[in-house]
Structure formats: C-alpha cells, structure tokens
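Dear colleague,

Please find the structure below, together with its sequence. A summary of what was found in it follows.

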Amino acid sequence: MNLRDLKARLQIRLLRDYAPDTVYLTIDEENSTDEPLFSLRLVSSIEGYSDVDHLPVRVAEESLSHAEIKYFQSTKNNFLSIKK
C-alpha cells in the first residue's frame, strides 16, 4: 500500500467514524486540479482550520456507496443551520 492509498483509507474511516457530528463532505470548487475533488470539512473549526483535506471524487466513488456519499454531503446544511 502506498501513502496515497493510506491517506484515502484514513479519510474514508474518518467519514464513517465521525460524520455527521464532526466532519462532512462537500465538493471543492476552489481547487483547480485535473479531476473533481471532495473537501472534508470540520463542523466546528479547530484553531481557525475547518478544511481537513481533499479526496478525489473518483476515490470516494470507488470506496463509498452512493448512499454514504449523499449522507455525508447532506449533513453539511443541517449542521450549519443549527450552528447559526
């Protein structure tokens, strides 16, 4: 296993273990790369940081079910409306 695979596995584990309470998934529209990326975001920032890291959409679709991706994305709006 290479470091890129390890990173992706840890991100998937982070989502499965801590979403939706601590982390959620959103499309990253600010990053200009060759392929679409998801951004893992913290519900509550830590020391000013809320962006955990990026996960290629391709990798997410290979590792997560469609229902999981939708669930991890849909929780964003629920928590942001509660926090206001």
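A search of the whole structure, which is a predicted model, finds five salt bridges. Three of them are described here, followed by the sheet, the helix that lies across it and the nonpolar core.

Salt bridges

Aspartate 53 forms a salt bridge with lysine 7, and the closest N and O atoms of the pair are 3.5 Å apart. This contact links distant parts of the chain, since aspartate 53 belongs to strand 3 and lysine 7 to helix 1, 46 residues apart. Aspartate 53 has a relative accessibility of 29% and therefore counts as partly exposed. Lysine 7 is likewise partly exposed, its relative accessible area being 36%.

A salt bridge is also found between the side chains of arginine 13 and aspartate 17, at 3.5 Å from N to O. Here both residues lie in helix 1, four residues apart, which is about one turn of the helix. Arginine 13 has a relative accessible area of 55% and is exposed, because the cut-off for that class is over 50%. Aspartate 17, with a relative accessible area of 48%, is partly exposed.

Arginine 58 forms a salt bridge with glutamate 35, with 3.1 Å between the closest N and O atoms. This pair, too, links distant parts of the chain: arginine 58 is in helix 2, whereas glutamate 35 is in the loop between strand 1 and strand 2, 23 residues apart. Arginine 58 counts as partly exposed at 42% relative accessibility, and glutamate 35 counts as partly exposed at 28%.

The sheet

The model contains an open sheet of three strands in the order 1-2-3, with antiparallel pairing. Strand 1 and strand 3 (49-56) each have a single partner strand and stand at the edges, so one side of each is left without a neighbour in the sheet. On average, neighbouring strands of this sheet are turned by 30 degrees against each other, direction ignored.

Strand 1 and strand 2 run antiparallel and are joined by five bridges. In this pairing, leucine 25 stands opposite leucine 40 in strand 2. Strand 1 is mostly covered, as four of its five residues are buried. Strand 2 and strand 3 also run antiparallel, with six bridges between them. Leucine 37 stands opposite proline 56 in strand 3.

Helix 1 and the core

Helix 1 lies across strand 1, strand 2 and strand 3, and it runs at about 125 degrees to strand 3.

The largest nonpolar core has 15 residues, of which Leu15, Phe38, Leu55 and Leu64 touch the most other members. Two or more residues of this core come from each of helix 1 (3-18), strand 1 (23-27), strand 2 (37-46), helix 2 (57-63) and helix 3 (66-83).

Which residues does leucine 55 contact, leaving aside its neighbours within four places in sequence? Leucine 55 is in contact with Ala8, Gln11, Ile12, Leu37, Phe38, Leu40 and Ala60. Among these contacts, Leu40 is the residue that leucine 25 stands opposite, and Leu37 is the residue that stands opposite proline 56. Phe38 is, with Leu55, one of the core residues that touch the most other members.

Yours sincerely

Note on methods: Residues numbered from 1 in each chain as written. Predicted model: local features only at pLDDT ≥ 70, side-chain atom pairs only at ≥ 80, totals over all residues. Heavy atoms only, no water. Core = buried A, V, L, I, M, F, W, Y, C linked by side-chain atoms within 4.5 Å. Buried < 20%, exposed > 50% of the residue type's maximum accessible area, 1.4 Å probe, protein only. Contact = heavy atoms within 4.5 Å. Pairing = 2+ DSSP bridges. Axes fitted to C-alpha atoms, helices over the stretch in contact; angles between N-to-C directions. Salt bridge = Lys/Arg side-chain N within 4 Å of Asp/Glu carboxyl O.
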